[in-house]
Amino acid sequence: MQGVGERAFIFLIGYFTYALIEVAARGFTHWTMAVTGGVVMLYLYEMELRTQIPLWQRCILGAMFITAMEFAVGVIDNLLFGWQVWDYSDVPLNLAGQICLPFTILWFFISIPACLICRVVRRKFHTDQGSNLSGTIFPE
């Protein structure tokens, strides 16, 4: 199931996992956030497939990408359409209430298990590459 099916699978992991995290954390989610979670997971997966950079660097890039996606989706959802999906106006170091530094830091830490899930999925679908890796999902 490589190619499109593989990427659909990783998108769905991000879609449902992020939606579940939001429901657990605040009691609800919005469909645009679930889609954003899927897109973010695809980005992290592509990094796993195409780069050899250390986990901590992928997590920094992941946090930056998530923050950029959150800002773009926030401008559309909250400022343009007025859906009020979230509002960080009361959180320190926010930009237009759509993104804030504390959540960017949180996205770094959420990227750790997301990147590790991407590694497991890559090994499942790319066993020829996985044979050269150690038996653990954690970087050496």
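Begin by selecting Phe9, which counts as partly exposed because its relative accessibility is 36%, where buried means under 20% relative accessible area, exposed over 50% and partly exposed in between, with a 1.4 Å probe and protein chains only. The model is predicted, so local features need pLDDT of at least 70 and side-chain atom pairs count only at pLDDT 80 or more, while totals for chains, interfaces and linings use all residues. Residues are numbered from 1 along each chain as its sequence is written, and side-chain values use heavy atoms, with hydrogens and water left out.

Next, add Phe125, which is buried at a relative accessible area of 16%. Rings of Phe, Tyr and Trp (its six-membered ring) pair if their centres lie within 6.5 Å, with planes under 30 degrees apart counted as stacked, over 60 as edge-to-face and the rest as tilted; by this rule there are 11 aromatic pairs. Phe9 and Phe125 make an edge-to-face pair, because their ring planes stand at 75°, with the centres 5.8 Å apart.

Now select Trp86 and Tyr88, both buried, whose rings form a tilted pair, 6.4 Å centre to centre with 45° between the planes. Together with Tyr18, Phe103 and Trp107, they form one aromatic cluster.

Finally, turn to the largest nonpolar core (buried Ala, Val, Leu, Ile, Met, Phe, Trp, Tyr and Cys residues joined through side-chain atoms within 4.5 Å), where Ile10, Leu44 and Tyr45 touch the most other members among its 27 residues. Select Tyr45 and, leaving aside neighbours within four places in sequence, look for its contacts (heavy atoms within 4.5 Å), which include Glu6, Ile10, Cys118 and Phe125.
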